[in-house]
Amino acid sequence: MALERRDGPVALLLSRQSLPVLDRGDMASAQELERGGYVLWESAAGERPQLILISTGSEVAPTLRAGQALAREGVGARVVAMPCVELFEAQPSAHRDAVLPPEVTARLAVEPGACLSWWRWVGSHGDVLGLDRFGASAPGNTVLEELGFSAEGIAARARTLLQSTM
């Protein structure tokens with residue numbers, strides 16, 4: 001997809017981390033990435049979720065695990081993969097609203113990078129688990145876990161968000 005895109009700059013951002021392969025039999029097709037953002041998984045298809053978790057890149061797997069853990073606790077959770085915000089912005093509003101229903105205000109974006117661009121997608125009642133600073137030094141997984149980017153940390157942040165929106 002990135003190599004076929006010709007209307008602007010494209011970057012391929014690769015990870016040094018060992019990432020799990022997602023079982024697409026239980027999730028949306030990888031072809032959905034052409035839309036920039038899509039529903040990867042949800043606990044109750046066809047029902048309005050209570051909570052939307054949005055992530056990209058290497059954070060998709062722990063965000064998915066967090067969403068599944070919350071679903072086991074009875075939370076109606078939706079996990080949105082957002083590999084390209086610019087492509088998602090270019091989609092018709094009907095698609096954007098189907099992925100991020102305006103009436104669902106409990107939204108958590110997960111990105112261990114700058115928070116600023118994610119506020120547009122989570123809104124004033126949502127939250128961003130991000131990192132707007134540098135300086136942590138340790139093995140990558142240790143740093144991410146300490147900063148709350150593990151499945152457990154994401155789920156805890158989502159629970160706090162849900163409590164604040166009730």
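Throughout this tour a residue is called buried when its relative accessible area is under 20%, exposed when it is over 50%, and partly exposed in between, with a 1.4 Å probe and protein chains only. The model is a predicted one, in which local features need pLDDT of at least 70 and side-chain atom pairs count only at pLDDT 80 or more, while totals for chains, interfaces and linings use all residues. Residues are numbered from 1 along each chain as its sequence is written, and side-chain values use heavy atoms, with hydrogens and water left out.

**The whole chain**

Begin with the whole protein shown as a ribbon, where six helices and five strands can be picked out; these are DSSP runs numbered from the N terminus, helices being H or I over at least four residues and strands being E over at least two. Followed from the N terminus, the elements come in the order β-β-α-β-α-α-β-α-β-α-α. The C-alpha trace spans about 45 × 40 × 35 Å along its principal axes. For 166 residues a compact globule would have a radius of gyration near 15 Å, and the protein, at 15 Å, agrees with that; the radius is taken over C-alpha atoms, and the globule rule is 2.2 Å times the number of residues to the power 0.38. Of the 166 residues, 42% count as buried.

**The sheet**

Next, select the strands, which form an open sheet of five with the order 1-3-2-4-5 and mixed pairing, where two strands pair if DSSP finds at least two bridges between them. At the edges are strand 1 (38-42) and strand 5 (127-130), each of which pairs on one side only. From one strand to the next the twist averages 25°, with axes fitted as lines to C-alpha atoms, for helices over the stretch in contact, and angles running from 0 to 180 degrees between N-to-C directions.

Now narrow the selection to residues 51-55, strand 2, which runs parallel to strand 3 (residues 77-81) and is joined to it by five bridges. Among these pairs, leucine 53 has valine 79 as its bridge partner in strand 3, and serine 55 has alanine 81.

In a regular strand the side chains alternate between the two faces of the sheet. On strand 2 both faces are covered, with Leu51, Leu53 and Ser55 buried on one side and Ile52 and Ile54 buried on the other. Because five of its five residues are buried, strand 2 is largely enclosed by the rest of the structure.

**Helix 1 and its cover**

Add residues 60-72, helix 1, which packs on the sheet and touches strand 1, strand 2, strand 3 and strand 4 (107-111), its direction making about 165° with that of strand 2; contact here means heavy atoms within 4.5 Å. Its buried residues are Val60, Ala61, Pro62, Thr63, Leu64, Ala66, Gly67, Ala69 and Leu70, and their cover includes helix 6 as well as strand 1, strand 2, strand 3 and strand 4. Just beyond, helix 1 is followed by glycine 74, whose phi is positive, near 100°.

**Serine 55 and threonine 63**

Which residue shares a polar contact with the side chain of serine 55? Show the side chain of threonine 63, for the two are joined by a polar contact of 3.4 Å, meaning a pair of N or O atoms within 3.5 Å, where within protein one must be able to donate a hydrogen and the other to accept it, and residues adjacent in sequence count only if both atoms are side-chain atoms. Serine 55 sits in strand 2 and threonine 63 in helix 1. Serine 55 is buried, with a relative accessible area of 0%, and threonine 63 is also counted as buried at 0%. Leaving aside neighbours within four places in sequence, serine 55 is in contact with Val60, Thr63, Val80, Ala81, Met82 and Val110, while threonine 63, with residues up to four places away not counted, touches Leu53, Ser55, Val79, Val110 and Ile154.

**A last stop in a loop**

Finally, select proline 101, found in the loop between helix 3 (93-99) and strand 4. Proline 101 is buried, with a relative accessible area of 7%, and, not counting residues up to four places away in sequence, it touches Ile52, Arg78 and Arg107.
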